[in-house]
Amino acid sequence: VIQSHPLLSLAALLTIVFLICRFIRDSFKVDSLAQRHVLITGCDSGFGNFLAQQLDSKGIPVIAGCFSEKGAADLSALTSSKLKTLQLNVTDSASIKRAVEFVRAEVGQRGLWGLVNNAGISIPIGPIDWLKPEDFTKILDVNLLGVIDVTLHFLPLLKRVQGRVVNVASIFGRLSLAGGGYCPSKYGVEAFSDSLRRDMQPFGIKVSIIEPGFFKTAVTSSKMIEGDLKRLWDRLPQDVKDSYGTTYLQEYTEAQKLSLGILCSSDLSKVTNCMEHALTACYPRTRYGAGWDAKLLWIPLSYMPSFMADFVVKVLLPFPKSL
Ligand SMILES: NC(=O)c1ccc[n+]([C@@H]2O[C@H](COP(=O)([O-])OP(=O)(O)OC[C@H]3O[C@@H](n4cnc5c(N)ncnc54)[C@H](OP(=O)(O)O)[C@@H]3O)[C@@H](O)[C@H]2O)c1
């Protein structure tokens, strides 16, 4: 069919040429990676932990920011002596300032090559009228203001070496599929990263955004989300509970569990390979969609009319009984 239509043939040819050019462009790597330090936040578990080990195994000097002492000790036990850990709470400016001093002492005049803003939390998440303003603040503090505060503190060290910033957003930064502070925080990370990229371009700093789909880590643990939804439900006034009906909580948690079970991939390397490319390629991409669901489902859906995303949410979640 393609061969019999000149326009289709041209489109196919151009696509192939585009893909080959992109493959070649993607394959150029920066040199002297063993001299280029990378700081990663949230290395206790999940993507941050996996990336720290991945880069360390390739000889890249990693400074792993861990939220807890245990997380730092566990990671140190798995990695080479070249990897340094530090305790870092991204919501605490004093902790960030201590991290700057630590990193400055480690990198010396070389500056900091890469900053990966990875730390994040996902709960409280749930129907908006189950939440209080402080539930939004809690997530925004870590996922958005934490990213901004850490980035601002490390920009002088990044400027010195014309380094890289890699910000972990989500497909929830393109589609608001769940209530609570998580989606606004990730939309915020997208916006912050876009302005950061444009403002820092004259200084040679490159900024990439990672948009993972669903992956099996602590933030997608259905047990944790379920427990927190129960907590939110239990504190609701009776009239709000009545408006949803007595079976709603169970139906909602079951629907979430089912979706997470189907969608979550356990191959974290799909995300960390994107992060590694953003840090080591001569021409890093601006956005990396990570995971089959992000590439084939969520990112295409984000370009479609809003009623289509509304329909998906309607299909995935139960309906309140009073409606
Ligand atoms: N998993 C997914 O499907 C998915 C999809 C899209 C985007 N993401 C994003 O990917 C990033 C990493 O999450 P993950 O999936 O790897 O989950 P994770 O295993 O829970 O990793 C998050 C890390 O952030 C740390 N952290 C939490 N609060 C912190 C704070 N105030 N300061 C510093 N560190 C803090 C956590 O420490 P503790 O373990 O000690 O709490 C943990 O090490 C997050 O930004 C998340 O939003 C995840």
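## Close-up views of a predicted model

**View 1. Gln162, a partly exposed loop residue.** Gln162 counts as partly exposed because 13 other C-beta atoms sit within 10 Å, which falls between the 12 or fewer of an exposed residue and the 20 or more of a buried one. Everything shown here and below comes from a predicted model. You'll find Gln162 in the loop between H5 and S5. Its backbone deserves a look too: phi of Gln162 is near 55°, a positive value in a residue other than glycine. Most residues other than glycine have a negative phi.

**View 2. Ser32, another positive phi in a loop.** Ser32 isn't a glycine either, yet has a positive phi of about 50°. This serine belongs to the loop that links helix H1 (6–27) to strand S1 (38–40). Buried or exposed, then, is Ser32? Ser32 is exposed, since just 8 other C-beta atoms lie within 10 Å and the cut-off for exposed is 12 or fewer.

**View 3. The stretch 6–24, with its record annotation.** UniProt, in an unreviewed entry, puts a "transmembrane region" at residues 6–24. In the model, residues 6–24 are 100% helix and 0% strand. From one end of this stretch to the other, the C-alpha atoms are 27 Å apart.

**View 4. The cis peptide bond before Pro124.** Going from Ile123 to Pro124, the peptide bond is cis, with omega near 5°. Most peptide bonds are trans. Pro124 is part of the loop running between strand S4 (114–117) and helix H5 (133–161).

**View 5. Strand S5 and its link to S4.** All set inside: 5 of the 5 residues of S5 are buried, so the rest of the structure largely encloses this strand. Arg164, Val166 and Val168 point one way from S5, Val165 and Asn167 point the other way, and all are buried. That back-and-forth is what you'd expect, as in a regular strand the side chains alternate between the two faces of the sheet. S4 and S5 run parallel and are joined by 4 bridges. To spot the register, look for Val116, whose bridge partner in S5 is Val166. Put H5 in the picture as well, and S4, H5 and S5 make a right-handed β-α-β unit.

**View 6. Strand S6, covered on both faces.** How many of the 7 residues of strand S6 (residues 206–212) are buried? The count is 7 of the 7, so S6 is largely enclosed by the rest of the structure. On one side sit Lys206, Ser208, Ile210 and Pro212, on the other Val207, Ile209 and Glu211, and all of them are buried.

**View 7. The partners of S6.** Strand S5 (residues 164–168) pairs with S6 in the parallel sense, over 5 bridges. The chain gets from S5 to S6 by way of helix H6 (residues 182–200), in a β-α-β crossover that is right-handed. Within this pairing, Val166 stands opposite Ser208 in S6, and Val165 has Val207 of S6 as its bridge partner. S6 also pairs with strand S7 (residues 287–290), in the parallel sense and over 4 bridges. There, look for Pro212: its bridge partner in S7 is Ala290.

**View 8. Leu249 and its surroundings.** Leu249 lies in helix H9 (residues 248–263). Leu249 has 21 C-beta neighbours inside 10 Å, so this leucine counts as buried; the cut-off is 20 or more. Which residues does Leu249 touch, leaving aside those up to four places away in sequence? They are Leu229, Lys230 and Trp233. Pro320 is worth including as well: Leu249 and Pro320 are 71 residues apart in sequence, but C-alpha to C-alpha they are 9.7 Å apart in space.

**View 9. Ser93 and His153.** Helix H4 (residues 93–107) holds Ser93. Ser93 counts as partly exposed because it has 13 C-beta neighbours inside 10 Å. Ser93 and His153 are 60 residues apart along the chain, and their C-alpha atoms are separated by 9.0 Å.

**View 10. The shell around the ligand.** 28 residues surround the ligand, and the closest are Gly42, Asp44, Gly46, Gly120 and Thr217. Helix H2 (residues 46–57) gives the largest share of this shell, 3 residues. What's the mix by class? The shell has 13 nonpolar, 14 polar and 1 charged residues.

Note on methods. Residues numbered from 1 in each chain as written. Predicted model: local features only at pLDDT ≥ 70, side-chain atom pairs only at ≥ 80, totals over all residues. Near = placed C-beta within 6 Å. Helix = DSSP H or I, 4+ residues; strand = E, 2+ residues; numbered from the N terminus. Nonpolar A, V, L, I, M, F, W, Y, C, P; charged D, E, K, R; others polar. UniProt positions renumbered as here; feature names shortened; annotations may be inferred. Pairing = 2+ DSSP bridges. Right-handed = clockwise from strand over helix to strand, strands pointing away. Contact = placed C-beta atoms within 7 Å.
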